[in-house]
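Here's a quick tour of a protein model, one topic at a time. Keep the 3D view open and find each part as you read.

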Amino acid sequence: MRRIITFTTIVSALCIFSCQFFQTDSTPVATDTLAFWNHHDTVGYVGMSECKTCHSNVHETFIHTGMGKSFGEATLAKSSAQFPLSSNQILVFKGDKASPVIKDPKTLRWYQAFWSNDSLFIAEHTVNKKEIIIGSRKEYIPYIIGSGQHTNSHFWQDGNYLYQAPLTYYTQKGIWDLPPGFDVNNSGFSRKIDVECMSCHNAMPSVNKQSKNLFEKIPLGIDCERCHGPGELHVNLKKQGILVDTSKEADRSIVNPKRLSYQRQVDICQRCHLQGNNVLKPGKHFEDFRPGMKLSDVFEVYMPNYENKDYFVMAGHSDRFQQSQCFIQSNPKNTEVYDKNINFTCISCHNPHVSVKETRIQSFNNTCNGCHNENSNKSKFKSCKLSLNKQINPKGCVGCHMPGSGAEDIPHVMVHDHKIQRPKSNNNIDASKGSLLGLNAVNNKNPQREDLVKGYISYFEKFDSKAIYIEKATEMLNSQNDLELLIHLKFVQHQFKEIVKLQSENKDKLKSSTDAWTQYRIAKSLDDQKDLLTALTYYKKSHELMPLDLDFGCEYANALIRAKKIPEAEKLLKNQLSRAQKHTLTWINWGSIHFLNNKFAEAKKAFNTALSLDPMNKTAHLFLSELYDRVGDIEKKQVHLKFLGQAN
C-alpha cells in the first residue's frame, strides 16, 4: 500500500508539472526533460523479464537483435568463435576445444582460448626471447560481450572486479586476435571494465562508485529499458489497472521514442552509437542518462576533427548520419521540436525490435524510395537513375550510397558508413585522414570551455599523445581558477615540480577537493619530489574517497610501508585480499610487509603469487633475489638476477 501511495504521489506531482510541456498528436511543441515521469530518479529498473509479461511478441524478436545478444554468459551457444584445435597448437592446460595461439611479439605474450567441459578459459603464456614458455596463467571466462555480428570479446572476474581478457574473436573474418587497442598497449588481464564501457554493451549495470570496476549487478544484454527508460512506475500503474489509450495521448509513465523531438530521439541512439572520448558533466554519472533526456546534459562526446571528413570509427553511426544531406534536407530546422511528421530518423531504416539480419534489403530500398521517387509529393529530390528493379549492387541502395569500410579503431571489422552520399570513384572510402585540426564535441555545437579542456587532456591521456591536444588545452586553461584541471594538465606532462608548487600555494582550496584523482596526482607529484610525509596525506585522501579501488589502495599501502607504518598497511592489504585474489600489486606489497618482518616463507609465497600473475614483473624478481640472498640461497638468487639482467 505504501508503494502504491508513493507512485500515485509521483504521478500526480509530475502530471501537474509536465502536462504543459507534452505534445498532442496534432501540434508540434517542445518537450521537457520531465515530460515522461520515469525520468524521476526514484523510478527503478525492472528488467526485460518483467516487460515480457505484457510484450511477449516484441520480446521474442528483440532477443535475436544485436542489442538483445550484446552480452551474455559464456556458453558454447553464445560463442560465435571457431576452435579448430590443430596439431601445432600449444595447450598447457587441459582443454576439449582450443583456438589458435595468438602471439604478441611486443610483450612476449601468447594467448589461447579453450573449452574445458562447458567452461571457457583464456590462457596467457609468457615466453623469453628464445620463445620458451617461462610462465602460464589461465582465467575462467564467465561472460562474452558482443552479439557475434562483428566480434566476441571476453570478460573475467576477480571477486566482483571486472576485467577484459586479452583475446577477441573477429566474426566477419573468422579470426582470433588481440582486442582493439591491445596492439598498442597490451595490458594483459588487467584492463578494467568500468560502467562507461559496460553501460553501452549491456542493460543498466550497477557499479560501486567507490571503485572503477567493482560491479554489484551485471545484467545479460541490452534490454527494453535502455530505449524506453526505467519501467518500475509503468509496471506498477498497469498492475493497478491504470491504462492509457495511446491512440489518443501519450502514456507518460514510459518513454515512447516516437513521441520525442528528433534530437531527443537521436540522443537515445547516440548514447551508444556515438563513439569517442566521453566527458561527464560535473556531478554526473553515466547511469544518469535516461531516454528522453538531453544527452549533452550528462556527457559530451569528443572526437578528432580531421581535414578529411570521411574519417569514421566503428560506432560513429549517429555522427555520420547527421552529416548526410538526406538527414539535413528531410528534417525540420529546429530538431528540438516534436513533429510527428519527421521524415528521416534512425528508426526509418532500423526497427530496434527486429534483427538487421531479418530486415530484407527491399525494406531499406523502400525507405530510400519514399523520397527518391518522382511520383512522391513529399520530396524535392530526383529519383535514382537506376531502377530499383535493375539494381547493379546486390545490397541495393545501401551498397552504393553507404559503402562498407574498415573502421579506424577496430581491426578486422567492416561497417557501413552511415553518411549517405553519392558514390565515389571505385566506391571506396578515402582512408587518409588529412591534418588533425583538433577535437569536436559531436553532440554539442557549443561546449563549455571547461568541458573542452577536459576533452583535450583526457584524449591525450587515454587515446593519443599528440602535442596538439596539450597545446589546445594550455591555450584555453590560462588561470588557476580551474585548479583541478590545471593539475591534471601538468600531471599528463609529468610536470611534478609545478604541481607541488600549486599544492603549496593552494593547500586550503585542495583540502575541499572530493576528486580522488586530483588527490592521487598531487600525492604522486610530492612523492616524485621526495616529500613522502606530505604525499602520504594525499594518498590517504584518494583512498578514502575511493576505498574499494585496488590501485589507490596499493599506492597508499606502499607509501605507508615506506613510511614504516606497517600495521596500517597490513590492515589495508588484508582487506583488499579479502575482496580480490589476483591483483599483482597487492601481492607485491603484501610480500614486502612480510619481507620487512623477516617472515621469508610468507614473503616468498606472496612474490611467487605475483609472478604467477605476471612472470615479467621486475619488482617481484628483485624482492626474490634479495630474499634468497638473505637466506643464503645464492643459486636461486642468481636465477632472479639473471632475469633482471635479461629484462633490462
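Let's start with a charge and a ring: lysine 138 lies over the face of phenylalanine 121, at 4.8 Å from the ring centre. There's another case of this kind, with lysine 103 over the face of tryptophan 110, at 4.3 Å from the ring centre. Bear in mind that you're looking at a predicted model. From here we'll go through ring pairs, then a sheet with its helices, then one helix on its own.

**Aromatic pairs**

- How many aromatic pairs does the structure hold? The count is 25.
- One of them joins phenylalanine 71 and phenylalanine 155: this pair is tilted, with 5.9 Å centre to centre and 55 degrees between the planes.
- Phenylalanine 71 belongs to strand β1 (residues 71-73) and phenylalanine 155 to strand β8 (residues 151-158), so this pair ties together parts that are 84 residues apart in sequence.
- Are these two rings buried or exposed? Both phenylalanine 71 and phenylalanine 155 are buried.
- Another tilted pair is made by tyrosine 520 and phenylalanine 552, at 5.3 Å centre to centre and with 45 degrees between the planes.
- Here tyrosine 520 sits in helix α17 and phenylalanine 552 in helix α19 (residues 550-562), so the pair links parts that are 32 residues apart in sequence.
- Buried means under 20% relative accessible area. Tyrosine 520, with a relative accessible area of 13%, is therefore buried, and phenylalanine 552 counts as buried too, at 3%.
- Tyr520 and Phe552 also belong to one aromatic cluster, together with Phe491, Phe496 and Trp517.

**A three-stranded sheet**

- Three strands make an open sheet in the order β15-β16-β19, and their pairing is antiparallel.
- Which strands are at the edges? They're β15 (277-280) and β19 (436-441), and each of them pairs on one side only.
- On average, neighbouring strands of this sheet are turned by 30 degrees against each other, ignoring direction.
- β15 and β16 pair over four bridges; in one of the matches between them, leucine 280 has phenylalanine 299 in β16 as its bridge partner.
- On the other side, β16 (residues 299-306) pairs with β19 over five bridges. Tyrosine 306 has leucine 436 in β19 as its bridge partner, while proline 304 is matched with leucine 439.
- Seven of the eight residues of β16 are buried, so the rest of the structure largely encloses this strand.

**Helices on the sheet**

- Helix α12 (residues 449-462) lies across β15, β16 and β19, and runs at about 135 degrees to β15.
- Helix α13 (residues 467-476) packs on the sheet as well, where it touches β16 and β19; its direction makes about 60 degrees with that of β19.

**Helix α15 and its two faces**

- Which residues of α15 (residues 496-505) are buried? They are Phe496, Ile499, Val500, Leu502 and Gln503.
- These five cover an arc of only 160 degrees around the axis, which puts them on the same side of α15.
- It helps to know that an α-helix has 3.6 residues a turn, so residues three or four places apart point the same way.
- Lys497 and Lys501 are exposed, and they're on the face of α15 turned away from its buried side.
- What do the buried residues of α15 pack against? Their neighbours are α14 (483-492), α16 (507-511), α17 (516-528) and α18 (532-545).

Methods. Residues numbered from 1 in each chain as written. Predicted model: local features only at pLDDT ≥ 70, side-chain atom pairs only at ≥ 80, totals over all residues. Heavy atoms only, no water. Pairing = 2+ DSSP bridges. Helix = DSSP H or I, 4+ residues; strand = E, 2+ residues; numbered from the N terminus. Axes fitted to C-alpha atoms, helices over the stretch in contact; angles between N-to-C directions. Contact = heavy atoms within 4.5 Å. Buried < 20%, exposed > 50% of the residue type's maximum accessible area, 1.4 Å probe, protein only. Arc of directions from axis to C-beta. Phe/Tyr/Trp six-rings, centres within 6.5 Å; stacked < 30°, edge-to-face > 60°. Lys NZ or Arg CZ within 6 Å of the ring centre and 35° of its normal.
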